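Here are my notes after a first pass through the model. Have a look at it yourself, then see whether you read it the way I do.

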Amino acid sequence: MGSFSIWHWLVVLVVVLVLFGGGGKLSRLMGDAARGINAFKKGLKETEPAGTVKAEAQETAKEIPAEATERDEAAKS
């Protein structure tokens, strides 16, 4: 009970490095985490309904020339 395992020492080392690793590392880490969360929330708000994605896929399929489709089908057989 009086001795620490290797895992305890690793946790202590990580905490010491984060806290005393230099000017403002902890605040930079928290700022990066906050920017990541905000970017994630913004991405969720900007998602398009499923119907518009399907319509875009159909428009892209129409743009493929018929010759390319025929060559692909010939290559498969």
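1. Where does Val16 sit, and is it buried or exposed? Val16 belongs to helix 1, and with a relative accessibility of 38% it falls in the partly exposed class, because that class runs between the 20% and 50% cut-offs.

2. Val16 has company. It is one of the residues in a nonpolar surface patch of about 1100 Å², together with Phe4, Trp9, Val11, Val12, Val15, Leu19, Phe20, Leu26, Leu29 and Met30. Two elements each give two or more residues to this patch: helix 1 (6-20) and helix 2 (25-45). Helix 1 supplies the largest share, with 7 residues.

3. A word on confidence, since this is a predicted model. The mean pLDDT over the protein chain is 74, and 56% of the residues reach at least 70. By element, helix 2 comes out highest with a mean of 88, while helix 3 (residues 50-63) is lowest at 57. Where pLDDT is low, the predicted coordinates should not be read in detail.

4. On the overall fold: the protein chain has 4 helices and 0 strands, so the order from the N terminus is simply α-α-α-α, strands being DSSP runs of which there are none here. Of its 77 residues, 1% count as buried. The accessible surface of the chain adds up to about 7300 Å², and carbon and sulfur atoms account for 66% of that.

5. How many salt bridges are there? The count is 1. The pair is Arg35 and Asp32, whose closest N and O atoms are 2.5 Å apart. Both residues are in helix 2, separated by 3 residues, or about one turn of the helix.

6. The two partners of that salt bridge fall into separate accessibility classes. Arg35 is exposed, because its relative accessible area of 55% is over the 50% cut-off. Asp32, at 45%, counts as partly exposed, because that value lies between the 20% and 50% limits.

7. If you only check a few things, I'd start with the nonpolar patch that helix 1 and helix 2 contribute to, then the Arg35 and Asp32 pair in helix 2, and keep in mind that helix 3 has the lowest mean pLDDT.

Technical notes. Residues numbered from 1 in each chain as written. Predicted model: local features only at pLDDT ≥ 70, side-chain atom pairs only at ≥ 80, totals over all residues. Heavy atoms only, no water. Patch = residues over 30% accessible without salt bridge, like charges linked within 9 Å, V, L, I, M, F, W, Y side chains within 5 Å. Areas by Shrake-Rupley, 256 points an atom, 1.4 Å probe, with all protein chains shown as cover. Salt bridge = Lys/Arg side-chain N within 4 Å of Asp/Glu carboxyl O. Buried < 20%, exposed > 50% of the residue type's maximum accessible area, 1.4 Å probe, protein only. pLDDT = per-residue confidence, 0-100.
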